[in-house]
Amino acid sequence: MKINGHTRMAAVVANPIKHSLSPFIHNFTFDWTEENGVYLAWEIPAEHLAECVANVRNLGMYGINLSMPFKSAVLDFVDEQSEEVRLIGAANTIVDSQGKLVAYNTYGRGFFESLKPYEFQMRGKILTIIGGGGAAIAIIAQAALLGAKKINVLARPSASFEPLQHRLTALSVRTGIRIELISLSERFRLQSLLDESALLVNATSV
């Protein structure tokens, strides 16, 4: 990889982030595609977030990726939010689009993009997903935006179960898609849920 006056930057921004493999992955891709770019990891305090986001525009960057704890806080410093970000309330990517800083959440988009080689379409079909964390919420929101018929969410009965129910109810109201939360303790229902589903996703750490 050669760095010169035409090299553009991208970065992942979080705290902590120095352990991240993202620079290795993205710089390998820049090199492989012969793109004149460099990808860095910026570990910043929260009080520098606004300035960091402004630099996407000020420095002519490709953009930045966000990880914890900035995925929601960053929304205060952008000009526009994509449809999925407005639904989820969290972003992982900021880009400069003709002078406007736009926030995206690419987890759900990227997941369904990976299914295109299999000619899978979510519209009109039922999704069953295990887990209720950030990745799961992004996939659920994207499935709803893609016109899923129904979404079954399986989660462990824990302190986070009721807050997850409220969040899924809000998503259901805003998208008009039926989203049902089922406890993983209801094992007798699992087979019937799988029988009706076109897609099963494991969004847990297991």
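These exercises, each with a worked solution, deal with a predicted model of a protein.

**Exercise 1. The whole chain**

Describe the overall make-up of the protein: its secondary structure, its extent and its burial.

Solution.
- Step 1. Start with the elements. The protein has 7 helices and 10 strands.
- Step 2. Take the extent. The C-alpha trace spans about 60 × 35 × 30 Å along its principal axes.
- Step 3. Turn to burial. The protein has 206 residues, and 41% of them count as buried. The cut-off for buried is under 20% relative accessible area.
- Step 4. Look at the surface. The accessible surface is about 11,700 Å². Carbon and sulfur atoms account for 54% of that area.
- Step 5. Check how contacts run along the sequence. Take the contacts with a separation of 6 or more: 67% of them join residues 24 or more positions apart.

**Exercise 2. The two sides of helix α1**

Sort residues of helix α1 (residues 22-32) into buried and exposed, and explain how the buried ones are arranged.

Solution.
- Step 1. List the buried residues. They are Ser22, Pro23, Asn27 and Phe30.
- Step 2. Look down the axis of α1. The buried residues fall within an arc of 110°, so they line one face of the helix.
- Step 3. Look at the other side of α1. Phe24, Phe28 and Trp32 are exposed there.
- Step 4. Find the cover. The buried residues of α1 are covered by elements including β1 (8-14) and β2 (37-43).
- Step 5. See what comes after the helix. α1 is followed by Glu34, which has a positive phi near 60°.

**Exercise 3. Unusual backbone angles**

Find the cis peptide bonds at Pro16 and Pro69, then the positive phi angles at Glu34 and Glu119, and place each residue in the chain.

Solution.
- Step 1. Recall the background. Most peptide bonds are trans, and most residues other than glycine have a negative phi.
- Step 2. Take Pro16. The bond from Asn15 to Pro16 is cis, with omega near 5°. Pro16 sits in the loop between β1 and α1.
- Step 3. Take Pro69. The bond from Met68 to Pro69 is cis, with omega near 10°. The loop between β3 (63-66) and β4 (80-81) holds Pro69.
- Step 4. Take Glu34. This residue is not a glycine, yet its phi is positive, about 60°. Glu34 belongs to the loop between α1 and β2. Its relative accessibility is 73%, so Glu34 counts as exposed.
- Step 5. Take Glu119. Its phi is also positive, about 55°, and Glu119 is not a glycine. The loop between α4 and β7 (126-130) contains Glu119. Its relative accessible area is 71%, so Glu119 is exposed.

**Exercise 4. The largest pocket**

Give the volume of the largest pocket and describe its lining.

Solution.
- Step 1. Recall how space is found. Rolling a probe the size of a water molecule over the atoms shows where empty space is left.
- Step 2. State the volume. The largest pocket holds about 290 Å³ of space.
- Step 3. Go to the lining. It has 16 residues; Gly131, Gly132, Ala155, Arg156 and Thr204 are the closest to the centre.
- Step 4. Assign elements. β8 (150-155) and α6 (161-175) each give two or more residues to the lining.
- Step 5. Sort by character. The lining of the largest pocket has 8 nonpolar, 7 polar and 1 charged residue.

**Exercise 5. The second largest pocket and Arg123**

Describe the second largest pocket, then follow one of its lining residues, Arg123, to its surroundings.

Solution.
- Step 1. State the volume. The second largest pocket holds about 210 Å³.
- Step 2. Name the lining. Arg109, Phe112, Glu113, Lys116, Phe120, Gln121, Met122, Arg123, Gln142 and Leu146 form it.
- Step 3. Assign the main contributor. Helix α4 (residues 106-113) gives the largest share, 3 residues.
- Step 4. Sort by character. This lining divides into 4 nonpolar, 2 polar and 4 charged residues.
- Step 5. Place Arg123. This residue lies in the loop between α4 and β7. Its relative accessibility is 60%, and the cut-off for exposed is over 50%, so Arg123 counts as exposed.
- Step 6. List its contacts. Leaving out residues up to four places away in sequence, Arg123 touches Leu146, Gly147 and Ala148. Leu146 is also among the lining residues of the second largest pocket.
- Step 7. Compare sequence with space. Arg123 and Ala203 are 80 residues apart in sequence, and their C-alpha atoms are 20 Å apart.

Notes:
Residues are numbered from 1 along each chain as its sequence is written. This is a predicted model: local features need pLDDT of at least 70, side-chain atom pairs count only at pLDDT 80 or more; totals for chains, interfaces and linings use all residues. Side-chain values use heavy atoms; hydrogens and water are left out. Buried means under 20% relative accessible area, exposed over 50%, partly exposed in between (1.4 Å probe, protein chains only). Helices (H or I, at least four residues) and strands (E, at least two) are DSSP runs, numbered from the N terminus. The arc is that of the directions from the helix axis to the C-beta atoms. Contact means heavy atoms within 4.5 Å. On a 1 Å grid over the protein atoms alone, a cavity is a set of points where a 1.4 Å probe fits but cannot get out, and a pocket is an open set with protein on both sides within 12 Å along at least five of seven lines; lining residues have an atom within 4 Å of a point. Grid points are joined across faces, edges and corners, and a volume is the space filled by probe spheres set on the points. Ala, Val, Leu, Ile, Met, Phe, Trp, Tyr, Cys and Pro count as nonpolar, Asp, Glu, Lys and Arg as charged, and the others, Gly among them, as polar. Accessible areas come from the Shrake-Rupley method with a 1.4 Å probe; for residues, only the protein chains shown count as cover.
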